[in-house]
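Visitor: I am new to this. Could you show me a structure and explain the terms used for it?

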Amino acid sequence: MEQLLYDDLSSTIGTNGLVAMIVSLLCVVLSWWALQNLKLDLVIRYPKSPQGRLLHLLLAIVLGHFVAGFLLDYLGWSGMIRNMF
């Protein structure tokens, strides 16, 4: 019985981790795509340089992280509401 509970918990944690990774990667990709429309040449001297592209990537990661955090929090909150009833 105890092993069954451990397996269920382990499976749930693994599933949640996989969902979090997929959501995070999708949000970073969406952020990268959205940032393509940003005129970085107004802020960066050489936006096509390796440093400019790295900054673009880092901005996409930061923005994607915040969006993914919001989505995952929202998913968790909606699960709490569902379990309330």
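Guide: Here are some labels, each with its grounds; the model is a predicted one.

Visitor: Why is Val67 called partly exposed?

Guide: Its relative accessible area is 35%. Buried means under 20% and exposed means over 50%. Val67 has 35%, so Val67 counts as partly exposed. Val67 lies in helix α2, residues 50–84.

Visitor: What makes Val67 part of a nonpolar surface patch?

Guide: Patch residues need over 30% relative accessible area, and nonpolar side chains are joined within 5 Å. Val is on the nonpolar list, and Val67 has 35%, so the area condition is met. The patch is made by Leu63, Val67, Phe70, Leu71, Tyr74, Trp77 and Met80. Its area is about 730 Å².

Visitor: Is Ile61 buried, partly exposed or exposed?

Guide: Ile61 has a relative accessible area of 38%. Buried stops at 20% and exposed starts over 50%, so Ile61 is partly exposed. Ile61 is also found in helix α2. Ile61 and Leu30 are 31 residues apart in sequence, and 9.9 Å apart in space, C-alpha to C-alpha.

Visitor: Which residues line the largest pocket?

Guide: Among them are Trp32, Leu35, Lys39, Asp41, Gly52 and His56. Two elements, α1 (2–35) and α2, give two or more residues to this lining. Helix α2 gives the most, with three. The pocket holds about 270 Å³ of space.

Visitor: What classes of residue make up that lining?

Guide: Five are nonpolar, three polar and four charged. Gly counts as polar, so Gly52 belongs with the polar residues of the lining.

Definitions and conventions
Residues are numbered from 1 along each chain as its sequence is written. This is a predicted model: local features need pLDDT of at least 70, side-chain atom pairs count only at pLDDT 80 or more; totals for chains, interfaces and linings use all residues. Side-chain values use heavy atoms; hydrogens and water are left out. Patches are made of residues with over 30% relative accessible area and no salt bridge: like charges are joined within 9 Å, nonpolar side chains (Val, Leu, Ile, Met, Phe, Trp, Tyr) within 5 Å. Accessible areas come from the Shrake-Rupley method with a 1.4 Å probe; for residues, only the protein chains shown count as cover. A salt bridge is a side-chain nitrogen of Lys or Arg within 4 Å of a carboxyl oxygen of Asp or Glu. Helices (H or I, at least four residues) and strands (E, at least two) are DSSP runs, numbered from the N terminus. Buried means under 20% relative accessible area, exposed over 50%, partly exposed in between (1.4 Å probe, protein chains only). On a 1 Å grid over the protein atoms alone, a cavity is a set of points where a 1.4 Å probe fits but cannot get out, and a pocket is an open set with protein on both sides within 12 Å along at least five of seven lines; lining residues have an atom within 4 Å of a point. Grid points are joined across faces, edges and corners, and a volume is the space filled by probe spheres set on the points.
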